[in-house]
Amino acid sequence: MAEPGIIIRPAEPEDIDRIMSLEQGSIAHPWDRKEIAALVSSANKKCLVLQYEDRVVSYAGAEMVLDECNIGNIVTDREYRGRGFASALMAALLEELAKSGIAKVFLEVEFDNAPAIALYERVGFERYGQRRDYYGKGRDAVLMSKALC
Ligand SMILES: CC(C)(COP(=O)(O)OP(=O)(O)OC[C@H]1O[C@@H](n2cnc3c(N)ncnc32)[C@H](O)[C@@H]1OP(=O)(O)O)[C@@H](O)C(=O)NCCC(=O)NCCS
């Protein structure tokens, strides 16, 4: 369960540097500034940040196409993991997506990323396939989806 005192809000251009540092601290192939700027400002994308004690500690980004959506990333600052922040952020993102008319959400995750797979299963995502070598040789992706209505 997330702690009290958190704020979840849409990302703003002022958050781009912080989102970049979250990416760089946690993702093997982090998105560049241009990609994050597009995530923050495009009408067909959604980017939420979770603020704890005035610091952005978690963020999630998604791209919508018609009534479907792909969650591209979710990251929590290493120092703040295991406190329910990504779960709270994911719940807020799914609620936002449902309000925007999204019927189904998809994502892919590296096969051995246990914390992320556990997080996604916890909020109701189910596995529907696997993409061989998606992240490099021997690094398969697990494909997951969740219906919102
Ligand atoms: C995946 C990630 C976003 C989870 O963030 P978090 O804020 O620590 O997540 P939460 O505290 O909300 O935990 C949610 C669930 O994840 C699972 N989880 C969290 N840390 C875990 C760990 N070290 N091992 C296994 N499961 C773990 C648990 O099931 C947990 O639910 P529980 O609290 O009921 O046990 C975080 O580990 C991260 O930033 N990882 C690097 C970036 C990444 O791989 N993103 C996903 C790319 S597809």
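# Reading a predicted protein model

Biologist: Let us begin with one residue. In which strand does isoleucine 8 have its place?

Modeller: Isoleucine 8 belongs to strand E1, which covers residues 6-10. Please keep in mind that this is a predicted model.

Biologist: Is isoleucine 8 buried, exposed or partly exposed?

Modeller: One counts the C-beta atoms around the residue; 20 or more within 10 Å make a residue buried, and 12 or fewer make it exposed. Isoleucine 8 has 19 C-beta neighbours inside 10 Å, so it counts as partly exposed.

Biologist: Which residues does isoleucine 8 touch, leaving aside those up to four places away in sequence?

Modeller: Its contacts are Leu48, Leu50, Ala88, Leu89 and Ala92. Distance in sequence and distance in space should be read separately. Isoleucine 8 and valine 56 illustrate this: they are 48 residues apart in sequence, and their C-alpha atoms are 9.3 Å apart in space.

Biologist: How should I then describe the chain as a whole? How many helices and strands are there?

Modeller: The protein chain has four helices and seven strands. Read from the N terminus, their order is β-α-α-β-β-β-α-β-α-β-β.

Biologist: What can be said about the dimensions of the chain?

Modeller: Along the principal axes, the C-alpha atoms fill a box of roughly 40 × 35 × 35 Å. A further check is the radius of gyration. A compact globule of 149 residues would have a value near 15 Å, and the protein chain has 15 Å, so the two agree. Of the 149 residues, 26% are buried.

Biologist: What share of the contacts joins residues at least 24 apart?

Modeller: Among contacts between residues at least 6 apart in sequence, the share is 57%.

Biologist: Let us turn to strand pairing. In which sense do strands E3 and E4 pair, parallel or antiparallel?

Modeller: One follows the direction of each strand and then looks for the bridges between them. E3, residues 55-65, pairs with E4 in the antiparallel sense over eight bridges. Within this pairing, glycine 61 has asparagine 73 in E4 as its bridge partner.

Biologist: How many residues lie between the strands in the hairpin of E3 and E4?

Modeller: There are two residues between the strands, and leucine 66 in this hairpin takes a positive phi near 50 degrees. A positive phi deserves attention here, as leucine 66 is a residue other than glycine. Leucine 66 has 9 C-beta neighbours inside 10 Å and therefore counts as exposed.

Biologist: Which residue in the loop between strand E2 and E3 may be set beside it?

Modeller: Glutamate 53 is in that loop, which follows E2 (45-52). Its phi is near 50 degrees, again a positive value in a residue other than glycine. Glutamate 53 is exposed because 10 other C-beta atoms lie within 10 Å.

Biologist: How do E4 and strand E5 run, parallel or antiparallel?

Modeller: E4 and E5 (residues 104-110) run parallel and are joined by three bridges. Here glutamate 68 stands opposite lysine 104 in E5. The chain passes from E4 through H3 to E5, and this β-α-β crossover is right-handed.

Biologist: With which strand does E5 pair in the antiparallel sense?

Modeller: E5 pairs with strand E7, residues 141-147, over seven bridges. Lysine 104 appears again, standing opposite alanine 147 in E7. E7 is also joined to strand E6 (residues 126-131) by five bridges, and these two run antiparallel. In that pair, arginine 127 stands opposite methionine 144 in E7.

Biologist: Now the ligand. How many residues surround it, and which are the closest?

Modeller: The ligand is surrounded by 22 residues, and the closest are Arg81, Ala86, Ser87, Pro115 and Ala118. One then asks which elements supply the shell. Strand E4 (68-76), helix H3 (85-99) and helix H4 (114-122) each supply at least two residues. H4 gives the most, with six residues.

Biologist: How many residues of this shell are nonpolar, polar and charged?

Modeller: The shell has eleven nonpolar, eight polar and three charged residues.

Biologist: To finish, in which helix is lysine 34?

Modeller: Lysine 34 is in helix H2, residues 33-41. It counts as exposed because it has 8 C-beta neighbours inside 10 Å. Its C-alpha atom is separated by 10 Å from that of methionine 20, and the two residues are 14 residues apart along the chain.

Note on methods: Residues numbered from 1 in each chain as written. Predicted model: local features only at pLDDT ≥ 70, side-chain atom pairs only at ≥ 80, totals over all residues. Rg over C-alpha atoms; globule rule 2.2 N^0.38 Å. Contact = placed C-beta atoms within 7 Å. Near = placed C-beta within 6 Å. Nonpolar A, V, L, I, M, F, W, Y, C, P; charged D, E, K, R; others polar. Pairing = 2+ DSSP bridges. Right-handed = clockwise from strand over helix to strand, strands pointing away.
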